[in-house]
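Visitor: Please take a close look at one part of this model, the places where its pieces meet, and describe what is there.

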Amino acid sequence: MDITKSSSSSQVKVKEKTFSLYRRQQLWGWVFLSPWIIGLFAFTIMPMLASLVFSFMDFKLTEPDAIKFNDFANYKKLLVDPLLGPALSSTLKFALIALPLSIIVPIGLAALLNSKYLIGRPIFRTLFYMPYIVPVVSSAYIWGGVLNTDTGWLNRILFDLGLGKPNWLFDINLIYPALNIIGIWGVGNAMLIMLASMQGVPTELYEAARVDGANGLTIFRRITFPMISPVVFYNLIISVIGIFRYFEVPYILKEGTGDPNNATLFYNIHLYKNAFAQQDMGYGSTLAWLMFVIALAITLFLFATARYWVYYGSGEQA
Amino acid sequence: MATLTNTDLPTTNRRLNPFKPALSMIGIGKGMIYAALLLASAFFLFPLVWMIGTSFKTIDEVGQSQLRLFPETLQWSNYSDIINDPAFGLAYGNSVFVVMIVLFGTVLSICFVAFAFSRLEWRGRNIVFAMMMATLMLPPQATLIPQYVLFNWLEWVPGFNPITIPGFFAGGASLVFLLRQFMATLPKDLDEAAMIDGANPIQIWWYVVMPLSRPAVATITVFLFVGQWNNLFMPLIYLKDAALTTMPVYVAGQYNLNESPIEWHYIMTASVLFVIPVMIVFILTQRYFTEGISLTGTKG
């Protein structure tokens, strides 16, 4: 260890001395980077620009002769699309439950697993993580079965307790809680990230707080949460993007129909139907850009709030 | 003397802490923690057990009113029925094929790019790195449609190319980040020694850095495997030909939950067969998941 440290500090001097070596590294840096650079242009930057252009065009793959600029017709269509409102509102309603849960549940589970002198921690950790590995297609079907109104186990237990048989996947008031239960089942990865970051909090801080007489809640609010806040922030951003990508579970449970009453017509399902089911690439691109702008606005807003609650310890910047 | 002080130290430490809560308080707290953990375990485990149990039932047993997870006689015939379905075998084979190619291309290119970000000094490295991390925040739909148009124009649709080829260009910024974090911890003297011996960066990459990075490479391989095996969206768009179907599309397309009767026993049998490979990989490589996440988890 000592050898590594001393050499990395002397390495700065080495770099200055061997200027030609440094110049050669410039070139090699770009050589090694080239796969990603090519990919960035071919699969990210060019497509982004192309979709902006498409959003101003009549562009149906089924009608290749009718491709032309259409005088903002796609943007005008946004205003009159009868399904855009439902798509936005169902995504928002889902997000209002899903976003807080996507932070609270993994933190809660990680805090439990981070308890002192816990016996069987690796077993619990494995159990909580496992559903994350299950393909989302399978988990949608599994929960479709468990939440089934008549044969589902949850309802049989609720019925025996005299609580009736809620129509989880068909009742407009229960569909979002139901989808969120399915979402929580796959929380394992976020939990493991939170746990790893909690385990990185220096124990001296806890000891000092305990000597000062702080209780568990205060310790969590004043030490644990600030120390893991960069990871919480990262998770929050990823969750926002995830909500705009939400597709598989409603697609399987509802065949993408949006039932009941368009409550499961999430933004990405609406986009998929327009772009890929109807092959309307022009309007699909408009929808994609609208989503990009909304997602960017939310991300920038979160970044603006970050300085009030995200704590970057000195010298810990990535 | 030395041994005396050593054994003495812990006891004095314990006595020094006046805020140590009473033993009974700890007991109650512990009890609640274990109760919460057991409840959560039931929530996470039950659906998996239900899946396995249902896969061994007859269709009548699925609907029975009594609560039984496993039937009296296990219906192994469910498994032979699914395995003998030619569409299932085809989808399984296609999935294995696609995942192999994507894994090869993506892992190779990520190893290249992570090396550039961690072992080589070049101007603009931090800016380019920040750009790469920013692409993580880009919703993939924004690029999806033009990519589809491009691949369609290349006459790659329907086909495997739109899924396999992009992998060769270091798809997945989060995995590049993970490997870069690992490579950055390796001592730089190794590269310098090799360089003085006349090795070029490609040789350093292959003979010095790659052998030492095996654990991290294993981690990204495992993450990629799980992600690809489970991927529904891309195959749904690009593999519309019945001969090209992969497992997620096969399972998703085979069963409609809005038509009765729902063949739960067959759905769950197919699911078990679909889940088995990822579960085996997960159980065998569990420590790579935890290690990989602790590499990324400590940084925002």
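Guide: Contact here means heavy atoms within 4.5 Å. In this predicted model, 105 residues of chain A are in contact with 104 residues of chain B by that criterion. The two chains bury about 9,500 Å² between them, and carbon and sulfur atoms give 76% of that area. On the chain A side, F32(A), Y141(A) and W153(A) supply 10% of the buried area, more than any other three residues. The polar side of the account is as follows: 13 residue pairs are in polar contact between chain A and chain B, both residues being at pLDDT 80 or more, while the rule finds 0 salt bridges across this interface. Helix α2 (residues 19–54) of chain A contributes 23 residues, the largest share of the side that touches chain B. By class, that side of chain A has 71 nonpolar, 23 polar and 11 charged residues.

Within chain A there is a further interface, between domain 1 (3–54) and domain 2 (73–309). The centres of these two domains, taken over C-alpha atoms, are 35 Å apart. Here 4 residues of domain 1 of chain A are in contact with 7 residues of domain 2 of chain A, and the area buried is about 460 Å², 65% of it from carbon and sulfur atoms. M48(A), L52(A) and F54(A) lose the most area on the domain 1 side, together 79% of what that side buries. Between the domains, 2 residue pairs are in polar contact, and the rule finds 0 salt bridges. The touching side of domain 1 of chain A has 3 nonpolar, 1 polar and no charged residues.

Conventions:
Residues are numbered from 1 along each chain as its sequence is written. Chains are lettered from A and ligands numbered from 1 in the order in which they are written. This is a predicted model: local features need pLDDT of at least 70, side-chain atom pairs count only at pLDDT 80 or more; totals for chains, interfaces and linings use all residues. Side-chain values use heavy atoms; hydrogens and water are left out. Domain bounds come from an automatic or database domain assignment. Buried area is the accessible area (1.4 Å probe) that two parts lose on being put together, summed over both. A salt bridge is a side-chain nitrogen of Lys or Arg within 4 Å of a carboxyl oxygen of Asp or Glu. A polar contact is a pair of N or O atoms within 3.5 Å; within protein, one must be able to donate a hydrogen and the other to accept it, and residues adjacent in sequence count only if both atoms are side-chain atoms. Ala, Val, Leu, Ile, Met, Phe, Trp, Tyr, Cys and Pro count as nonpolar, Asp, Glu, Lys and Arg as charged, and the others, Gly among them, as polar. Helices (H or I, at least four residues) and strands (E, at least two) are DSSP runs, numbered from the N terminus.
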